[in-house]
Amino acid sequence: MPAAVFLLGPGFIGGEIIDLLISNYKVATLIRRESAVVDYANLGIEAVVAEQLCFPTQHTARGDCKSDTIFDDEQPEQINALPDSASHRLIDLAIIRAGQELASNAKMAIMIPPLIYGVTTRENRLSIQLPTLIRYSIKHGYPEQIGKGLAVWNQIHVKDLARGYMVLLHWMERAPVAEVAENPYFFCENGQELSWGECATEVGRILKETGRIDRSTPKSIPEKQWGDLFGDYSGMMVGSNARNRANRLRKLGWAPLEKETFASLAEDEIPIIAKETGELTGYASVVAS
């Protein structure tokens, strides 16, 4: 009988992981929409509908500095030192507590990816950070950034991330419970760091070359227009720092294989976005959930 995997959220990332799971595992997944149950049943996946949960988070980043802090997943004390108010930290703590309570029956690890880009295999889905900046640029006629655009994020293609999850899963299947609990954190990045300003400059270059905008020089987005981005969460989503090193996955044999960010934007994401119709209204509600 195949081993069972319960996936929390088959969205942009989870949908890519499902395609790697279904041939060797019995898969169940938590979903938000009742209407999607039949679609997953057709793939042989049991879907469990859950209510959306909201967690408080802290939004202070404005893109005005590059952080000197680089998190290393071989140093869990760095992450454990984060305040409870840090973005996503309450979710991490809930998983860690559950791992402690269920230690005799379950192993739990936490994958912490950086900026995710690329297009998924089956559904041609996009992420929301860079695509939202691209849509904003097309709507307003210029590439944009939060503040000075100096904040930096590591990068990962969604397909490389999905393979990273599989490497993590296979390690968890054979690792002792105590070893997993000792350090539950894993990063997944391809070695590329980009500032939001660099991303805005490249988006501007591509959009101008393809005739989508007339001005290629980035401008700072006025806060009154953050509604076209992520609302009050815009500073965190496209103006904060997220620098980390995926040393643990690399030591398990994982390596990035996909094209880097700018090639992906030019060849994959922007051609899809250029065909979209409809008014851009931002993603504040999505991020809040």
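I began with residues 52-58, where pLDDT (the predictor's confidence in each residue, from 0 to 100) stays under 50, although the model has 17 contacts there beyond four places in sequence, a contact being heavy atoms within 4.5 Å. Where pLDDT is low, the predicted coordinates should not be read in detail. For the chain I noted a mean pLDDT of 89, with 94% of its residues at 70 or more.

I kept in mind that this is a predicted model, in which local features need pLDDT of at least 70 and side-chain atom pairs count only at 80 or more, while totals for chains, interfaces and linings use all residues. Residues are numbered from 1 along each chain as its sequence is written, and side-chain values use heavy atoms, with hydrogens and water left out.

Next I looked up Asp-73, which sits in the loop between strand 4 (71-72) and helix 3 (76-80); helices (H or I, at least four residues) and strands (E, at least two) are DSSP runs, numbered from the N terminus. I found Asp-73 buried and without a salt bridge, the nearest side chain of opposite charge being Arg-248 at 5.2 Å. Here buried means under 20% relative accessible area, exposed over 50% and partly exposed in between (1.4 Å probe, protein chains only), a salt bridge needs a side-chain nitrogen of Lys or Arg within 4 Å of a carboxyl oxygen of Asp or Glu, and Lys and Arg count as positive, Asp and Glu as negative, with His and the chain ends not counted. The side chain of Asp-73 does reach the backbone nitrogen of Arg-248, at 3.1 Å.

Last, I checked Asn-124, in the loop between strand 6 (115-117) and helix 5 (129-140), and noted a positive phi near 55° in this non-glycine residue.

Conventions
Polar contact = N/O pair within 3.5 Å; in protein donor to acceptor, adjacent residues only side chain to side chain.
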